Amino acid sequence: MKKLLVAIMLFALPALAFAQDPVKWEFTSKKVSATEYEVIAKATIDGGWHLYAQEAGEGPVPTSFKFAKNPLVTPKGKVTESGKLHKAFDKNFNSELKYYENTVSFIQKVTVKGKAVTKVKGSVEFMVCDDHQCLPPTEVEFAVNVGGK
């Protein structure tokens, strides 16, 4: 019985390593005028890990956003980044890369038509690495309320 338990634990450990999620996402909106909102995706990154910028450099999968079409919502400009941007040469990718540690917010301004509450839906794809490994790219879906009073 003990051998079976040890064998199960040995097979479970690699699965648990892949189950780690070093980035926690929080999606919110902020009203900036009568018809304009900021849709904010805040990433909190575990110590020792880094999340790549939208313009990361050659090699890793950059952070990117996809927004679902909504006839009541019009994006205004591109997604901007707010955080301490790091630039460093990465020997694994043989490239200078741009990334964030600890926290970063990605902000998309949108204009809302009408006065009804609606949702901005979409997904964010991202990749994180530490000094020894990179996790496969991950996609997280989101939905944020905008509009109304």
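Tutor: Helices (H or I, at least four residues) and strands (E, at least two) are DSSP runs, numbered from the N terminus. The model is predicted, so local features need pLDDT of at least 70 and side-chain atom pairs count only at pLDDT 80 or more, while totals for chains, interfaces and linings use all residues. Residues are numbered from 1 along each chain as its sequence is written, and side-chain values use heavy atoms, with hydrogens and water left out.

Student: Where is threonine 35 found?

Tutor: Threonine 35 sits in the loop between E1 and E2. A hairpin of four residues makes this connection from E1 to E2.

Student: How many bridges join E1 to E2, and which way do they run?

Tutor: Two strands pair if DSSP finds at least two bridges between them. E1 and E2 run antiparallel and are joined by nine bridges. One example is glutamate 26, whose bridge partner in E2 is lysine 42. E2 is also joined to E6 by nine bridges, again in an antiparallel arrangement. There, threonine 44 stands opposite threonine 103 in E6.

Student: How many residues of E2 are buried?

Tutor: Eight of its ten residues are buried, so E2 is largely enclosed by the rest of the structure. Accessibility is given on a relative scale (buried is under 20% relative accessible area, exposed is over 50%, partly exposed is in between; 1.4 Å probe, protein chains only). Threonine 35, in the loop before E2, has 39% relative accessibility and therefore counts as partly exposed.

Student: With which residues is threonine 35 in contact, leaving aside its neighbours within four places in sequence?

Tutor: Contact means heavy atoms within 4.5 Å. Outside that sequence window, threonine 35 is in contact with Val110, Thr111 and Val112. Threonine 35 and glycine 114 are 79 residues apart in sequence, yet their C-alpha atoms are 8.1 Å apart.

Student: In what order do the three strands of the open sheet stand?

Tutor: The order is E4-E7-E9, with antiparallel pairing. E4 (64-67) and E9 (138-146) are the edge strands, each pairing on one side only. E4 is joined to E7 (residues 118-126) by four bridges, and phenylalanine 67 stands opposite glycine 122 in E7.

Student: Is threonine 118 buried or exposed?

Tutor: Threonine 118, in strand E7, has a relative accessible area of 12% and so counts as buried. Not counting residues up to four places away in sequence, threonine 118 touches Asn70, Leu72, Val73, Val112, Val144, Asn145 and Val146. For asparagine 145, which is 27 residues away along the chain, the C-alpha separation from threonine 118 is 5.7 Å.

Serine 95 makes another case. This residue lies in strand E6 and counts as buried because its relative accessibility is 10%. With residues up to four places away left out, serine 95 touches Gly57, Glu58, Ala88, Phe89 and Asp90.

Student: Which residues have the most contacts inside the largest nonpolar core?

Tutor: In soluble globular proteins, nonpolar side chains tend to be buried together. Here the largest nonpolar core (a set of buried Ala, Val, Leu, Ile, Met, Phe, Trp, Tyr and Cys residues joined through side-chain atoms within 4.5 Å) has 26 residues, and Trp25, Leu51 and Phe106 have the most contacts inside it. Two or more of its residues come from each of E1 (23-31), E2 (36-45), E5 (73-90), E6 (95-112), E7 and E9. A second, separate core has six residues, among them Tyr52, Ala56, Leu97 and Met127.

Tryptophan 25 is worth tracing. Leaving aside neighbours within four places in sequence, its contacts are Ala41, Lys42, Ala43, Leu51, Phe106, Val124, Phe126 and Val140.

Student: What is the volume of the largest cavity, and which residues line it?

Tutor: Rolling a probe the size of a water molecule over the atoms shows where empty space is left. On a 1 Å grid over the protein atoms alone, a cavity is a set of points where a 1.4 Å probe fits but cannot get out; a pocket is an open set with protein on both sides within 12 Å along at least five of seven lines; lining residues have an atom within 4 Å of a point. Points are joined across faces, edges and corners, and a volume is the space filled by probe spheres set on them.

The largest cavity has a volume of about 50 Å³. Its lining includes Phe27, Phe65, Phe67, Phe106 and Phe142, and E2, E4 and E6 each supply at least two lining residues.

Student: Which element gives the most to the lining of the largest pocket?

Tutor: E5 does, with three residues. The largest pocket holds about 210 Å³ of space. Of its 16 lining residues, His50, Asp90, Asn92, Asp130 and Asp131 are the closest to its centre.
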